[in-house]
Amino acid sequence: MKYDIKNLTLQEKIELLTGVDGWHLSNANGKLKQVAVADGPNGLRKVDDFNNNQVPATAMPSLATVANTWNKELSFLQGETIADECVKNDIDVLLAPGANIKRTPLCGRNFEYFSEDPFLAGKMARSFIEGVQSKNVGTSLKHFAFNNREYERFTQSSEVDERTANEIYYPAFKEAIKANPWTIMCSYNLVNGVYASENAKLLKTTLREKLGFKGVVLSDWGAVRHGAKAVKGGLDLRMPYEENASSEIYKGLEMGYITESDINEHVLRILELIEKSEAPKKVTYTKEERHQNAVKIASEGIILLKNDGILPLKKGKITVAGRYDSDPDIAGDGSAKVVPENKIPVLSELLAKEIDGEVIAPKLWYNAYPNRPDVSLGYKIIYQNAYESDATILLVGTGKTVEREGHDRDDLKLSTYEEELILNTAKVTDNVIVAVYAGSAVDMSNWIDKVKAVIYVGYAGEGVHEALSDIIVGKLNPSGKLCETFPLSAQDSPTEYDKGNSFVDDYTEKLFVGYRWYDSYNIPVLFPFGHGLSYSKFEYSNLNVIKKNETNYTVSFSVENTSKFGGAEVVQLYIKDVFSSVVRPEKELRNFDKIFLKAGEKKSVTFELTSEDFEYYSTVIDNWYVDNGAYEILIGASSRDIRLKEKIKIELPFETQFTQI
Ligand code: GLC
C-alpha cells in the first residue's frame with residue numbers, strides 16, 4: 001500500500017473516519033489525496049455544501065428505466081457514462097446505485113431503484129457498478145439495508161425475519177458485491193431495532209462475513225447517531241462532516257468502548273479507497289456522445305404497455321396535449337436530481353418532422369402540483385382538436401413533486417385533472433394514446449379501457465423525446481418490460497395495510513413482494529412483472545431440458561420473430577417448487593436475456609440451472625437448502641405470460657439433505 005498508517009497521528013486517523021464537509025474526505029493535513037464524492041444514479045449531481053449551485057450534467061434515465069431495458073449492457077453504459085462526467089468534474093466516487101427492493105409501489109424513491117425482484121435488481125446493479133468502475137471511479141452501493149419506504153426513514157425500524165432478508169433483501173447486494181464496489185452506503189433506518197450505521201450484525205456479520213464485502217462502509221448523510229457506536233458497529237466513514245464526530249470517538253476510546261485497533265481497521269480500508277482513487281482516469285465521451293448514450297438507454301427502457309394496433313403512427317392529423325410536451329419529467333426529485341446539460345426537444349415538434357400530415361399541440365398551462373391544468377382555459381381546446389384529429393396523444397404523469405426522496409406517494413393514480421382529461425378526450429374520439437411519465441407503478445384502472453394505446457415513458461432522462469418520438473412513429477421498435485408489477489390499486493399491495501407506526505415497519509408480507517405476492521395469491525393486476533409489448537410478434541418453441549445431475553440442467557428453447565419488424569424480446573426463466581416443504585412464492589425469476597431478432601429470424605436461447613436456482617434459505621440450518629421433489633421450469637414473456645413449461649424432479653441422496661437433524 002502506498003500510504004502507511006504509521007505516518008498518521010491518532011488525531012489524523014480519527015478525522016479520517018468523518019468527512020471534512022458535505023462531499024470530501026480528510027486528506028490528513030495534506031499527507032493524503034483528498035477524495036471527492038457526489039451523487040447519483042441518473043447523472044452527476046455536483047452541488048455545494050448547501051445543495052446549491054448544481055453543475056449541469058447529462059441527465060441519464062432513472063435506474064427504474066434502466067431496469068426496464070432488461071439489458072445489462074445498458075446498465076454498464078449508464079454507469080460508464082456518468083463516471084465519464086465524474087472524471088471530467090474530479091469526482092472520485094459516485095454515490096450510486098441504489099439496489100433497494102421495490103417492496104411497496106408507493107415508495108417515493110422507487111424511480112431510483114431497479115426492481116421488485118432481487119435477481120433482476122442484482123444483475124443490473126452489478127453491471128452498473130462494473131460500468132462506473134471501468135473508469136477508475138468508485139461507487140457506493142446503497143442503501144444497506146431495508147430502506148424500502150421514505151416514510152419516517154430516519155427513525156423507523158424495519159423488522160425483517162432472517163429468511164426474508166436472505167431471499168428478498170440481501171441477494172441484490174450479494175450479486176452487486178461481485179463487482180467489488182469501492183463503498184457501500186448504510187441506510188438511515190434501524191434494522192430490527194438497531195440503527196444500520198451501528199448494527200454490527202448487519203455491517204460485519206452479514207455484509208462482510210456472509211456477503212463478502214471488502215470495501216468501505218460509509219453512512220448515508222446524517223445516518224450516524226454516535227461516532228463511537230458507529231466505529232464499533234462496523235462503519236468506516238461517517239458522512240457528512242459533523243462537529244462532534246471526533247470527540248465522540250475520543251470518548252469511546254477513553255471509556256474503552258472502542259480501541260485504537262478498531263480505528264486502525266477502518267483507517268486501513270479508507271487508505272485503500274484513497275489509493276484506488278489515484279488510478280489513472282480519462283474522459284472518453286463528448287457531451288453529444290453522452291447524450292446519445294442517454295437516448296440509447298431511454299430507447300430500450302420505454303415500455304409499450306397496450307396497443308390495439310393504433311401504433312405506430314405514420315400519418316394523419318395528430319393532436320398532442322399535456323405539459324410534458326415541452327417540459328417532461330425526466331427523473332424524480334431529491335439527491336438523484338440532475339440539471340440537464342442538453343435542452344430536451346419538444347415532442348410534438350419531433351413528431352411533426354416524422355408524421356405525414358399535421359401535428360397540433362394546443363398549449364394548456366399547468367401548475368406543477370398536482371399537475372393541474374389552468375382550467376380557465378378549459379380542456380375545450382384539446383377536445384375540439386381531438387374531435388377533428390385522426391389520433392390524440394395525451395402526455396400525463398405523476399409529477400416529480402410526488403415521486404421524490406423523503407416522500408412516499410399517497411396512491412398510484414394520476415391527478416384527478418389528468419384522469420378527467422383522458423376520460424373526456426375519450427368521449428370525443430376513439431383514438432386516444434396515453435404516454436405516462438412516471439418513476440414507478442401507476443394505477444390506470446379508471447381509464448385504461450377507454451384508450452387504444454398506453455406507452456410507459458418512465459423517467460427516461462434527457463433523451464426521452466428523441467426515443468419516444470421514434471417509438472410513436474415506428475422508427476424504433478419498443479422492447480422495454482416492467483421491472484415491477486403495476487397493481488390495479490395500491491390497496492392490492494400487501495404492504496399498504498400497515499405503513500408502520502413511525503417506530504416499527506413490520507415486513508409481515510415476508511417473501512411475498514411484487515409478483516411473488518400477486519401471482520401466489522392469483523390477484524388480478526393491471527400489468528404483470530416483466531410485461532411489455534413490441535411491434536413484432538415472438539413465438540417460443542422447442543423447449544429442451546437436459547439433466548446433468550440432480551441440481552444442474554441445461555435449458556434451451558427457440559424464439560422466432562414472426563413479424564415484418566426487427567425487434568427485441570426479453571425472455572424470462574422462472575422456477576416453481578411444486579410441493580415445497582416450506583412456504584414459497586408461486587414462481588421466482590432465475591434468469592433472463594434480451595434477444596434481438598430480425599423480421600422472420602429464429603434464435604436458440606440457452607440457460608444453465610444450478611442448485612442456486614432451486615434453493616431456499618433454511619433457518620433450520622442457517623444456510624441455503626435444496627428441497628427434493630417436483631419443480632417446474634417456466635419460460636415466459638412476463639411473469640403471467642408463460643409460453644413454455646417443463647417438469648423436473650430433484651432426488652438428492654439423503655446424506656446431502658439436512659445434516660444437522
Ligand atoms: C441522501 C440519500 C443518499 C444520497 C446522500 C447524499 O440522503 O439518501 O442516497 O446519496 O444523501 O446526497
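## A walk through the model

Start by selecting α11 and α15: in this view, α11 passes α15 in a right-handed crossing. Keep in mind as you go that you're looking at a predicted model.

**Stop 1: two helices that cross**

To find the pair, colour residues 287-301 for helix α11 and residues 464-473 for helix α15. Their axes sit 8 Å apart, and the helices pack at an angle of about 45 degrees. That angle makes α11 oblique to α15, because angles from 35 up to 65 degrees fall outside the roughly parallel and roughly perpendicular ranges. Now show side chains. From α11, pick H291, V295, A298 and S299; the residues they meet in α15 are E466, A467 and I471. Sorted by class, this contact of α11 with α15 has four nonpolar, two polar and one charged residues.

**Stop 2: another helix pair**

Next, select residues 380-387, which is helix α13, together with residues 416-428, which is helix α14. Here the packing angle is about 35 degrees and the axes are 9 Å apart. The crossing of α13 and α14 is right-handed. On the α13 side, click on I382, Y383, A386 and Y387; on the α14 side, E420, L421, N424, T425 and V428 complete the contact. Which classes of residue does the contact of α13 with α14 have? By class, there are six nonpolar, two polar and one charged residues.

**Stop 3: strand β16 and its two partners**

Leave the helices and select residues 453-456, strand β16. Turn on the side chains and look along the strand: A453 and I455 point one way, while V454 and Y456 point the other way. Are these residues buried or exposed? All of them are buried.

Now bring in the partners. Strands of a sheet pair through backbone hydrogen bonds, either parallel or antiparallel. You can see both senses at this stop. Add residues 303-307, strand β9, which pairs with β16 in the antiparallel sense over four bridges. Then add residues 432-437, strand β15, which pairs with β16 in the parallel sense, also over four bridges. Zoom in on I455 in β16: L304 stands opposite I455, and A435 stands opposite I455 too.

**Stop 4: a buried serine in a loop**

From β15, follow the chain towards β16 and stop at S440, which lies in the loop between these two strands. Even in a loop, S440 has a relative accessible area of 0%, so it counts as buried. Who's around it? Skip the neighbours within four places in sequence, and S440 is in contact with P105, N110, E403, R409, Y456, E484 and F486. You've already met Y456, one of the residues of β16. For a sense of scale, draw a distance from S440 to T164: they are 276 residues apart in sequence and 23 Å apart in space, C-alpha to C-alpha.

**Stop 5: some unusual backbone**

Jump to A96 and P97, which are joined by a cis peptide bond with omega of about 5 degrees. P97 lies in the loop between β2 (93-94) and α4 (118-133). Move on to F144 and A145, where you'll find another cis peptide bond, with omega of about 5 degrees. A145 lies in the loop between β3 (138-144) and β4 (157-159).

Stay in that loop and click on F146, which is also located between β3 and β4. F146 has a positive phi of about 60 degrees although it is not a glycine. Is F146 buried or exposed? F146 has 3% relative accessibility, so it counts as buried.

Then go back along the chain to N136, in the loop between α4 and β3. N136, not a glycine either, has a positive phi of about 60 degrees. With a relative accessible area of 27%, N136 is partly exposed.

**Stop 6: a three-stranded sheet**

For the last view, show the open sheet whose three strands run in the order β20-β21-β24, with antiparallel pairing. Its edge strands are β20 (538-549) and β24 (602-609), each pairing on one side only. On average, neighbouring strands of this sheet are turned by 15 degrees against each other, direction ignored. Zoom in on β20 and strand β21, residues 552-561: they pair in the antiparallel sense over nine bridges. To pick out one of these bridges, select K547, whose partner in β21 is Y553.

How values were computed. Residues numbered from 1 in each chain as written. Predicted model: local features only at pLDDT ≥ 70, side-chain atom pairs only at ≥ 80, totals over all residues. Heavy atoms only, no water. Buried < 20%, exposed > 50% of the residue type's maximum accessible area, 1.4 Å probe, protein only. Pairing = 2+ DSSP bridges. Axes fitted to C-alpha atoms, helices over the stretch in contact; angles between N-to-C directions. Parallel < 35°, antiparallel > 145°, perpendicular 65-115°, else oblique. Left-handed = near helix turned anticlockwise from the far one by under 90°. Contact = heavy atoms within 4.5 Å. Nonpolar A, V, L, I, M, F, W, Y, C, P; charged D, E, K, R; others polar.
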